[in-house]
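Here is a set of exercises to work through with the model open in your viewer. Try each task yourself before reading its solution.

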Amino acid sequence: MKIMPLAKRGVEASRLVLGCMPMGGTWDRNDPITKEDRLKAEKAVDAALSIGINMFDHANIYTQGKAEQTFGGILKNRPELREQIIIQSKCGIRLQDENTPGRFDFSKEHILEAVDESLKRLGVEYLDILLLHRPDPLVEPEEVAEAFSKLKAAGKVRYFGVSNMNVSQIRFLQHSLPDQLAVNQLEMSLAHTAFLDQTIYVNQQKGTGVNFGEGIMEFSQMENIQLQAWGPLAQGRFSGRSLDNEPENVQKTAVLISQMAKQKETTPEAIVLGWLMKHPAMIQPIIGTSNEERISACKDAERQAGLMTRDEWYTLYMSAIGREK
């Protein structure tokens with residue numbers, strides 16, 4: 001039986017992750033976190049825990065830091081949770097403000113400051129995993145290495161990874177880092193199939209329009225890097241969102257998924273995620289919703305991944321890309 005790359009590193013994470021980006025209310029930093037925002041977040045956490053999710057994904061910029069702050073409030077009221085869960089956060093994106101443009105920042109100063117601020121908002125002593133959010137063209141790997149070494153030595157971060165990076169960027173960073181990068185988080189779903197198209201369309205004209213990053217899937221499996229999928233439910237377009245304005249291939253795929261879910265006595269969400277999780281890279285989907293019902297609907301995903309046949313998998317893929325046969 002295959003195991004997740006994170007498990008090989010001693011991180012006993014669930015196959016599903018709850019993405020915490022919706023927590024904390026609006027993205028206006030001047031809007032306060034309301035009682036309703038806190039209650040909604042707590043219900044989302046409880047729904048995740050109830051289906052076996054023990055990993056929670058954050059970023060320092062989510063709702064201008066209010067997502068981490070809201071989650072920290074939950075931990076403050078329930079401190080026993082900290083040792084039961086895995087907390088992952090990201091840094092490296094700096095949002096536009098009154099004086100400076102939106103930008104990326106992998107400087108040692110920013111990484112160290114961002115982690116300290118995340119720890120303060122979360123009310124915890126360490127992050128299980130820290131990811132660099134999006135590539136910074138001005139990155140100096142030696143500076144990143146200094147920051148990572150200092151954070152690990154201080155017990156503030158246990159493992160490190162990246163998000164939205166290709167093989168060359170990972171290798172460039174890894175050359176200077178003392179520890180292996182453990183994670184790469186990328187957009188992957190039935191609505192974003194470039195991770196498969198990149199593999200299938202080698203030496204084909206169709207492959208010239210694919211932009212995913214050559215070799216990421218193979219490289220990650222060889223190097224024991226945990227691939228995480230953001231946007232795996234594709235904002236619900238295959239599992240319950242209105243189809244009125246969707247393209248024909250999306251509508252047909254949603255119907256197929258609904259039929260398959262009924263046949264297998266499960267939910268459309270479980271089929272959508274199960275399809276992604278069937279890939280041999282042991283992809284770890286990050287559910288980006290705070291709706292407790294939608295979270296609960298994902299419970300059966302790992303089982304469905306094991307039950308899904310090759311024919312069923314390819315049927316959904318071909319339908320999603322508009323090639324039914």
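**Exercise 1. Positive phi angles**

In which loop is the place of M282? Once you have found it, inspect the backbone and the accessibility of M282, then do likewise for N203.

Solution. A word of care to begin with: this is a predicted model.

Step 1: M282 sits in the loop between α10 and β10 (284–287).

Step 2: the phi of M282 is positive, about 60 degrees, although M282 is not a glycine.

Step 3: the relative accessibility of M282 is 11%. Buried means under 20%, so M282 counts as buried.

Step 4: N203 belongs to the loop between α7 and α8 (216–222). N203 also is a residue other than glycine with a positive phi, near 65 degrees.

Step 5: N203 has a relative accessible area of 80% and is exposed, whereas M282 is buried.

**Exercise 2. The barrel**

Trace the closed barrel and list the order of its strands. Then look at how β8 is held by its partners.

Solution. Step 1: eight strands form the closed barrel, in the order β1-β2-β3-β6-β7-β8-β9-β10, and their pairing is parallel. On average, neighbouring strands of this sheet are turned by 30 degrees against each other, direction ignored.

Step 2: begin with β1 (residues 17–19), which pairs with β2 in the parallel sense over two bridges. G19 has D57 in β2 as its bridge partner.

Step 3: move on to β8 (residues 183–187). Strand β7 (residues 157–163) pairs with β8 through two bridges, again in the parallel sense. Here S163 has Q185 of β8 as its bridge partner.

Step 4: β8 and β9 (residues 226–230) run parallel and are joined by five bridges. V183 has its bridge partner in β9, namely Q226.

Step 5: check burial. Four of the five residues of β8 are buried, so the strand is largely enclosed by the rest of the structure.

Step 6: add a helix to the picture. Helix α4 (residues 108–122) lies across β3 (86–91), β6 and β7, and runs at about 140 degrees to β6.

**Exercise 3. Two helices, each with a buried side**

Which residues of helix α6 (residues 167–174) are buried? Find them, then repeat the analysis for α13.

Solution. Step 1: the buried residues to find in α6 are V167, I170 and L173. They cover an arc of only 135 degrees around the axis, which puts them on the same side of α6.

Step 2: recall the helical repeat. An α-helix has 3.6 residues a turn, so residues three or four places apart point the same way.

Step 3: turn the helix over. S168 and R171 are exposed on the other side of α6.

Step 4: the buried residues of α6 pack against β6 (127–132), α5 (141–153), β7, β8 and α8.

Step 5: in helix α13 (residues 310–320), the buried residues are E312, W313, L316, Y317, S319 and A320. They cover an arc of only 165 degrees around the axis, which puts them on the same side of α13.

Step 6: the exposed residues R310 and D311 are carried on the face of α13 turned away from its buried side.

Step 7: the packing partners of the buried residues of α13 are α7 (194–200), α9 (248–263), α10 (268–277) and α12 (301–307).

Step 8: zoom in on S319, which is buried with a relative accessible area of 3%. Leaving aside residues up to four places away in sequence, S319 touches N249, K252, T253 and L256.

Step 9: follow the chain past the helix. After α13 comes G322, with a positive phi near 85 degrees.

**Exercise 4. A helix crossing**

Describe how α2 and α3 meet, giving the crossing angle and the residues in contact.

Solution. Step 1: the axes of α2 (residues 35–50) and α3 (residues 66–77) come within 10 Å and cross at roughly 70 degrees. The two helices are therefore roughly perpendicular to each other.

Step 2: the crossing of α2 and α3 is right-handed. The contact is made by D37, R38, A41, E42 and V45 of α2, together with T70, F71 and I74 of α3.

Step 3: in the loop between α2 and β2 (55–57) you will find G52. G52 is partly exposed, with a relative accessible area of 48%.

Definitions and conventions. Residues numbered from 1 in each chain as written. Predicted model: local features only at pLDDT ≥ 70, side-chain atom pairs only at ≥ 80, totals over all residues. Heavy atoms only, no water. Buried < 20%, exposed > 50% of the residue type's maximum accessible area, 1.4 Å probe, protein only. Arc of directions from axis to C-beta. Contact = heavy atoms within 4.5 Å. Pairing = 2+ DSSP bridges. Axes fitted to C-alpha atoms, helices over the stretch in contact; angles between N-to-C directions. Parallel < 35°, antiparallel > 145°, perpendicular 65-115°, else oblique. Left-handed = near helix turned anticlockwise from the far one by under 90°.
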